[in-house]
Amino acid sequence: MKVNFRGLHRPVSVVLNKRGFSEAVVRDQIPMTDNGLIRYLPSHTSPLQWYKLLNNKVFFWVTRDRLLRLLNAGAYRLKEHDVLEAEARPLFKMSRKKIWLCSINSGCTKPFPHPRDEKTFFRIGGYPYAQWKKREGVQSEQ
């Protein structure tokens, strides 16, 4: 049976097969729950709408530390992972108008959900980096 999770929560990882291509896996959404979303989504956005928004995006971790935290999380620690590494500059040049940035893990509501809505995502030019950097006490990486 084929299930389309495009607008739904993915309780399990989904294997994608297409003739002539290697198998790919779209990760589950175990760290996100309806109850967590209901607590921190605005009243005009349902969990279903949030899943649909996220499931139409591709996500990247921008630091090795954040990637390793995900890969070492309890649900994924013992699983095999293929990690694709991409140089950011050419990717930005090629896709700048399609890129959105987000300061939270928008697909996680555990252990503590953060408020979120469609304004959680920013275009590169509109991302409030200085404000986020000050709030989080981020050191500039060199």
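Rings of Phe, Tyr and Trp (its six-membered ring) form an aromatic pair if their centres lie within 6.5 Å, and the pair counts as stacked when the planes are under 30 degrees apart, as edge-to-face when they are over 60, and as tilted in the rest of the cases. The model is predicted, so local features need pLDDT of at least 70 and side-chain atom pairs count only at pLDDT 80 or more, whereas totals for chains, interfaces and linings use all residues. Residues are numbered from 1 along each chain as its sequence is written, and side-chain values use heavy atoms, with hydrogens and water left out.

**Exercise 1. Find how many aromatic pairs the whole structure holds, and describe each of them.**

Step 1. A search of the whole structure gives 2 aromatic pairs.

Step 2. Trp50 and Phe121 form a tilted pair, with 6.0 Å from centre to centre and 35 degrees between the planes. Because Trp50 lies in helix H2 and Phe121 in strand S4 (residues 121–123), this pair ties together parts that are 71 residues apart in sequence; helices (H or I, at least four residues) and strands (E, at least two) are DSSP runs, numbered from the N terminus.

Step 3. The ring centres of Phe122 and Tyr127 are 5.8 Å apart and their planes stand at 85 degrees, so this pair is edge-to-face.

Step 4. For accessibility, buried means under 20% relative accessible area, exposed over 50%, and partly exposed in between (1.4 Å probe, protein chains only). Trp50, at 1% relative accessibility, is therefore buried, and Phe121 is buried too, at 6%. Tyr127 counts as buried at 16%, while Phe122, at 28%, counts as partly exposed.

**Exercise 2. Determine which residues make up the largest nonpolar core, and which helix gives the largest share of this core.**

Step 1. A nonpolar core is a set of buried Ala, Val, Leu, Ile, Met, Phe, Trp, Tyr and Cys residues joined through side-chain atoms within 4.5 Å.

Step 2. The largest such core has 7 residues, namely Met32, Leu37, Leu41, Trp50, Tyr51, Leu54 and Phe121. Its largest share, 3 residues, comes from helix H2 (residues 47–55).

Step 3. Contact means heavy atoms within 4.5 Å. When neighbours within four places in sequence are left aside, the contacts of Phe121 include Trp50, Leu54, Phe59 and Trp100.

**Exercise 3. Place Gly7 along the chain, and decide whether Gly7 is buried or exposed.**

Step 1. Gly7 lies in the segment before strand S1 (14–16).

Step 2. Its relative accessibility is 15%, so Gly7 counts as buried.

Step 3. Not counting residues up to four places away in sequence, Gly7 touches Leu48, Tyr51, Lys52 and Asn55.

Step 4. Between the C-alpha atoms of Gly7 and Lys133, which are 126 residues apart along the chain, the separation is 33 Å.

**Exercise 4. Describe the protein as a whole.**

Step 1. The protein has 5 helices and 4 strands, and read along the sequence these follow the pattern β-β-α-α-α-α-β-β-α.

Step 2. Taken along the principal axes, the C-alpha atoms fill a box of roughly 50 × 40 × 30 Å.

Step 3. Of the 142 residues in the protein, 20% are buried.

Step 4. Among contacts between residues at least 6 apart in sequence, 50% join residues at least 24 apart.
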